[in-house]
Amino acid sequence: MSDDRRPPEGPRPRFKRVLVKISGDALKGELPHGISNAAVEAVAAECVEVARLGVELALVVGGGNIVRGADAAGGTLKRATADYMGMLATMINSLALQDAIEALGQETRVMSALKAEEVAEPYIRRKALSHLEKKRIVILAGGTGNPYFTTDTTAAVRAAEIGAEALLKATKVDGVYDRDPVRHRDARRFDKLSYMDCIKGSLGVMDATAITHCMGNSLPIIVFSLKQKGNIRRVVMGEPVGTLVDAGPGDAPTDGAGAPPGRREAPAPRGGLE
Ligand code: UDP
């Protein structure tokens with residue numbers, strides 16, 4: 001490792017290994033759909049910044065900027081087919097992200113749940129672990145490889161498999177609110193929620209399958225905005241950004257838009273699963 005790639009001196013990151021879920025929408029920038037190179041490059045820069053801290057980083061990228069199975073299905077297009085199209089969309093996004101990250105000098109591997117040998121390695125858990133140990137950013141494409149699932153569920157499953165200490169869910173909003181903050185100016189944000197709060201309250205954090213999986217594996221979820229530059233690094237450094245979802249009791253919501261988040265402890269690193 002050359003000198004400029006050595007982790008910087010100073011405070012240590014809170015986590016050694018995390019999985020970041022990036023929605024397809026984050027890659028479309030100002031476009032109505034598809035891929036904005038500028039948006040992809042901005043996401044890539046955030047990821048590289050975190051990798052350079054010495055944090056092992058796996059990414060799960062959605063496909064909603066291209067195809068979302070539930071929306072695309074209809075007429076002659078069957079739901080299962082539409083879902084496979086959605087999974088292929090995640091592969092397109094993963095390749096775009098790979099080039100953008102590697103352009104910044106950071107090694108990556110795209111590993112796919114669907115066979116696509118010309119462009120991606122097959123997803124093999126032990127190989128993924130080996131890449132992570134070598135400080136390569138691992139981009140997990142193709143969802144779970146099964147229709148009727150989401151990339152949020154993919155992120156939950158893969159995070160548990162690779163022993164990530166937290167699932168970082170990057171969104172357009174700076175945390176979880178009691179109501180849609182775009183439509184309700186008085187919506188209030190939670191600093192902390194329990195898994196059950198999310199499942200019972202239908203708060204739109206992630207689908208219930210994904211949250212249940214995180215709950216079953218005591219995997220903390222941190223929901224935060226990707227719109228604010230440097231946020232992935234802040235979360236990884238343990239700063240109180242966004243909303244933490246874990247097994248503990250949730251808090252009352254704090255004031256929404258613009259209000260500083262209440263202080264909370266970042267989750268304690270959890271032990272590996274094996
Ligand atoms: N998908 C799927 N199985 C998976 C993951 C994803 O069938 O394991 C399909 C599904 O149609 C989904 C699409 O891929 O709508 C894109 O993923 P998602 O909607 O989760 O992307 P995001 O909303 O995060 O961009």
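Which residues are closest to the ligand? Let me answer that, then walk through the fold.

This is a predicted model. The closest residues to the ligand are Gly 62, Gly 64, Gly 69, Gly 86 and Gly 143. In total, 23 residues surround the ligand. By type, 14 of the shell residues are polar, five are nonpolar and four are charged.

Where does the shell come from? Three helices each supply at least two residues: α2 (69-72), α3 (79-102) and α5 (151-161). The largest share comes from α3, with five residues. Keep α5 in mind. We come back to that helix.

Now confidence. The average pLDDT of the chain is 90. A score of at least 70 is reached by 89% of the residues. The weak stretch is residues 256-274, where pLDDT stays under 50. The model still has 33 contacts beyond four places in sequence for that stretch. Where pLDDT is low, the predicted coordinates should not be read in detail.

Next, the overall layout. The chain has 274 residues, and 46% of them are buried. There are eight helices and 11 strands. Take the contacts with a separation of 6 or more. Of those, 71% are between residues 24 or more positions apart.

On to the sheet. Nine strands form an open sheet with mixed pairing. Reading across, the order is β4-β3-β5-β2-β1-β6-β10-β11-β9. The edges are β4 and β9 (192-194), each with a single partner strand, so one side of each has no neighbour in the sheet.

Start at the β4 end. Strand β4 covers residues 121-122 and runs parallel to β3, joined by two bridges. Met 111 is opposite Glu 121 of β4. On to β5, residues 137-141. Here β3 and β5 pair in the parallel sense, over five bridges. Ser 112 faces Ala 141 of β5 across that pairing. How well covered is β3, residues 108-112? Mostly: four of its five residues are buried.

Now the other end. Strands β10 (residues 221-225) and β11 (residues 243-246) pair in the antiparallel sense, with three bridges. Two pairs to look for on screen: Val 223 has Thr 243 as its bridge partner in β11, and Ile 222 stands opposite Leu 244. The pairing of β9 with β11 is parallel, again with three bridges. There, Ser 194 stands opposite Asp 246.

What about the side chains of β11? Thr 243 and Val 245 point one way, while Leu 244 and Asp 246 point the other way. All four are buried.

Now the helices on the sheet. Helix α1, residues 37-51, lies across β1 (17-22), β2 (56-61) and β5. Its direction is at about 155° to that of β2. Helix α5 also packs on the sheet, touching β1, β2, β5 and β6 (166-171). The angle between α5 and β1 is about 175°.

Back to α5, then. How many of its 11 residues are buried? Nine are, so α5 is largely enclosed by the rest of the structure. Thr 151, Asp 152, Thr 153 and Thr 154 are among the buried ones, and so is Arg 158. The buried residues of α5 pack against four strands, β1, β2, β5 and β6, and two helices, α3 and α7 (208-216). Recall that α3 and α5 both supply residues to the ligand shell. After α5 comes Gly 163, with a positive phi near 70°.

One last residue: Arg 234, in helix α8, residues 231-236. Is Arg 234 buried or partly exposed? It has 16 other C-beta atoms within 10 Å. The cut-off for buried is 20 or more, and for exposed 12 or fewer. Arg 234 is therefore partly exposed. What does Arg 234 contact, leaving aside neighbours within four places in sequence? Glu 239 and Val 241. There is also a long-range link in sequence terms. Pro 13 is 221 residues away along the chain, yet its C-alpha atom is 9.1 Å from that of Arg 234.

To recap. The ligand shell has 23 residues, with five glycines named as the closest. The sheet has nine strands and is open. Helix α5 packs on that sheet and supplies at least two shell residues. And the stretch to treat with care is residues 256-274, with pLDDT under 50.

Note on methods:
Residues are numbered from 1 along each chain as its sequence is written. This is a predicted model: local features need pLDDT of at least 70, side-chain atom pairs count only at pLDDT 80 or more; totals for chains, interfaces and linings use all residues. A residue is near a molecule or strand if its C-beta atom, placed from the backbone, lies within 6 Å of it. Ala, Val, Leu, Ile, Met, Phe, Trp, Tyr, Cys and Pro count as nonpolar, Asp, Glu, Lys and Arg as charged, and the others, Gly among them, as polar. Two strands pair if DSSP finds at least two bridges between them. Two residues are in contact if their C-beta atoms, placed from the backbone, lie within 7 Å. Axes are lines fitted to C-alpha atoms, for helices over the stretch in contact, and angles run from 0 to 180 degrees between N-to-C directions. pLDDT is the predictor's confidence in each residue, from 0 to 100.
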